[in-house]
Amino acid sequence: MTYKVQKTDAEWRQELTPEQYHIMREKGTERAFTGALYYNKDKGVYFCAACGAPLFSSEQKYESGSGWPSFWAPLNEDNIGEQADRSLFMVRTEVHCANCGAHLGHLFDDGPQPTGLRYCINSASLSFEKS
Ligand code: FE
């Protein structure tokens, strides 16, 4: 997979915090309930913290109780890439930024209507802009 935004590992290490680098470039996961945006209820847009692509809106954010920011739909499906993740003895759907490849989180099918989807996203992968 090639992405529009291409950077070397050294460049990503320089631009991202160690936590962001671990999550977005090494598919890490922040501890539940620790992310800065989990409780955020402000209206606005959530961007990829690595490249600035618009990914989610407060309109689709909901309280999942999971400990990670959760959305029942992305702002634009074209901005989200999906990949099967067979780690940890499970088959899950990994989601990443389609513009730069940064790991965002996982997609589950236990979300609320109208989609029934839950995009479970690390706070560290997002930057929020209040509208
Ligand atoms: Fe990105």
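Q: Which residues coordinate the iron ion, and through which atoms?
A: In this predicted model, the iron ion has its donor atoms at 2.3 to 2.4 Å. A sulfur counts as a donor within 2.8 Å of the metal. The coordinating atoms are Cys48 (SG), Cys51 (SG), Cys97 (SG) and Cys100 (SG).

Q: What is the geometry at the site of the iron ion?
A: The iron ion has 4 donor atoms, and the angles among them are 101 to 114 degrees. Four donors count as tetrahedral if all angles lie between 85 and 135 degrees. The ideal angle for four tetrahedral donors is 109.5 degrees. The site is therefore classed as tetrahedral.

Q: What spacing do the donors of the iron ion follow along the chain?
A: The donors are Cys48, Cys51, Cys97 and Cys100. Read along the chain, their spacing is C-x2-C-x45-C-x2-C.

Q: How many residues apart are Cys48 and Cys100?
A: Cys48 lies in strand E1 (residues 44–48). Cys100 lies in the loop between strand E6 (92–97) and strand E7 (103–108). The pair links distant parts of the chain, 52 residues apart.

Q: Is Cys48 buried or exposed, and is Cys100 buried or exposed?
A: Buried means under 20% relative accessible area, and exposed means over 50%. By that cut-off, Cys48 and Cys100 are both buried.

Q: Why does Cys51 count as partly exposed?
A: Partly exposed covers the range between the buried limit of 20% and the exposed limit of 50%. Cys51 falls in that range because its relative accessible area is 24%.

Q: How far from Cys120 is the nearest cysteine sulfur?
A: A disulfide needs a pair of cysteine sulfur atoms within 2.5 Å, and the structure holds 0 disulfides. Cys120 is in no disulfide. Its nearest cysteine sulfur belongs to Cys48, at a distance of 17 Å.

Q: Why does Cys120 count as buried?
A: The cut-off for buried is under 20% relative accessible area. Cys120 meets it because its relative accessibility is 9%.

Q: In what order do the elements of the protein chain run?
A: The protein chain has 2 helices and 9 strands. From the N terminus on, the order is α-α-β-β-β-β-β-β-β-β-β.

Q: What radius of gyration does the protein chain have?
A: The C-alpha atoms fill a box of roughly 40 × 40 × 30 Å along the principal axes. A compact globule with 131 residues would have a radius of gyration near 14 Å. The protein chain agrees with this, at 14 Å.

Methods
Residues are numbered from 1 along each chain as its sequence is written. This is a predicted model: local features need pLDDT of at least 70, side-chain atom pairs count only at pLDDT 80 or more; totals for chains, interfaces and linings use all residues. Side-chain values use heavy atoms; hydrogens and water are left out. Donors are N, O and S atoms within 2.8 Å of the metal (3.2 Å for Na, K and Ca); water is not among the atoms, so sites may look incomplete. Four donors count as tetrahedral if all angles lie between 85 and 135 degrees; four count as square planar and six as octahedral if opposite donors are over 155 degrees apart and all others between 65 and 115; anything else is irregular. Helices (H or I, at least four residues) and strands (E, at least two) are DSSP runs, numbered from the N terminus. Buried means under 20% relative accessible area, exposed over 50%, partly exposed in between (1.4 Å probe, protein chains only). The radius of gyration is taken over C-alpha atoms; the globule rule is 2.2 Å times the number of residues to the power 0.38.
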